[in-house]
Amino acid sequence: MVLNAPGRDFFVAQTLRDQAGSAVYVCRDVREESGEQYTITLLKDRDRLFEAARIFLDMKDARVCPDFVDCFADKTGMYAAFRRKTSPPLFDAGGKTPRFSLQEKLTVGRNLLEQMLMQSLPPPVQIEALTGDNLCCDRSLSVSFNYALDHADEYDRMGSEDALELLGKTILSLFEDDASVRAQDGSCVGDITRALCAGEIVSIAQAYDAYLKVFRRLIEGERMAVAEKEHWLFRTWRFLKKLMSKLMPVLAILLIVAAIGYMIYTIQRPAVPADASPGAIRAIGVYEVQAPVPVMAPMSTPQAK
């Protein structure tokens, strides 16, 4: 099946679902050589989808969402096309995240807020992006969205307060096993999520600014905690390496000075003192020099008288 849009021909590679009011397809544009995939939602019930149609037409005119591609209609209904991501869902079927470290979770939360800011999604589409398998995260901790739209017939009842509340609950779920970070003690992520859910934070930009302050403080604290847990021998070894790196230039200079001093000393001092007598020669090559045998003077004999 091919879905025809102005300037595009979307070939349906997979049908994710097909229900009475909507259908979701995985497609690729046969006019493109890149092979990029798209998630296209078909909204069938036009009488109940006035607000959704208005939202997608506004997105098409504004062109501020990088993931949004196009919306178009035919006799079957209205289609909304978004770029599809291949990253796995952030949460599994039970609502659990992979075994991230605290630093990784903090990074995922920051990347989630950055992505929400960058995409500039209307509140109902924000809610869709944060729901179920639409929220994705790859091994590099980059966050992305898929857009299998399930609640288009409810868009007229979804506002920014609902989107911010869901964002707060999503971030809180990310730190489910980190009680100290979830705590509402005036300095942690728990305060941001509480403010989001209570309507005290009124925009994603405000939430991002508050989160970034907590992120920097907790990341620095995490690094210090890791350093404190290291054995004293490792800390001592790291200190000695740092000390040696600073002392090496000084030691090199001292070695050069010592070598020059020794050369001057050996030049000024003769190898053999002037008053030294030559030693006896014991051998020439492999031949030993024998000591001369003393010659005895002939004995005189007394003469007869």
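Trainee: About what area does the nonpolar surface patch containing Trp237 and Leu254 cover?
Mentor: Bear in mind that this is a predicted model, where local features need pLDDT of at least 70 and side-chain atom pairs count only at pLDDT 80 or more, while totals for chains, interfaces and linings use all residues. Residues are numbered from 1 along each chain as its sequence is written, and side-chain values use heavy atoms, leaving out hydrogens and water. A patch takes residues with over 30% relative accessible area and no salt bridge, joining like charges within 9 Å and nonpolar side chains (Val, Leu, Ile, Met, Phe, Trp, Tyr) within 5 Å; areas come from the Shrake-Rupley method with a 1.4 Å probe, and for residues only the protein chains shown count as cover. Phe239, Leu240 and Met244 are among the other members, and the patch comes to about 950 Å².

Trainee: Is phenylalanine 239 buried or exposed?
Mentor: Phenylalanine 239 belongs to helix 8, residues 232-268; helices (H or I, at least four residues) and strands (E, at least two) are DSSP runs, numbered from the N terminus. Buried means under 20% relative accessible area, exposed over 50%, and partly exposed in between (1.4 Å probe, protein chains only). Phenylalanine 239 has 52%, so call it exposed.

Trainee: How many salt bridges does a search of the whole structure find?
Mentor: To count, a side-chain nitrogen of Lys or Arg must be within 4 Å of a carboxyl oxygen of Asp or Glu. One of them pairs aspartate 29 with arginine 8, their closest N and O atoms being 3.4 Å apart. The full search gives 14.

Trainee: Which strands does the pair of aspartate 29 and arginine 8 tie together?
Mentor: Aspartate 29 has just 4% relative accessibility, so it counts as buried. The two partners are 21 residues apart in sequence, so their bridge links separate parts: strand 3 (residues 22-29) and strand 2 (residues 8-18).

Trainee: What does lysine 44 form a salt bridge with?
Mentor: Lysine 44 is partly exposed at 27% relative accessibility. Its partner is exposed, with a relative accessible area of 52%. The closest N and O atoms are 2.6 Å apart, and that partner is aspartate 18.

Trainee: How far apart, N to O, are glutamate 200 and arginine 194 where their side chains meet?
Mentor: Glutamate 200 is partly exposed at 47% relative accessibility, and arginine 194 is partly exposed too, at 31%. Their side chains meet in a salt bridge, with an N to O distance of 3.1 Å.
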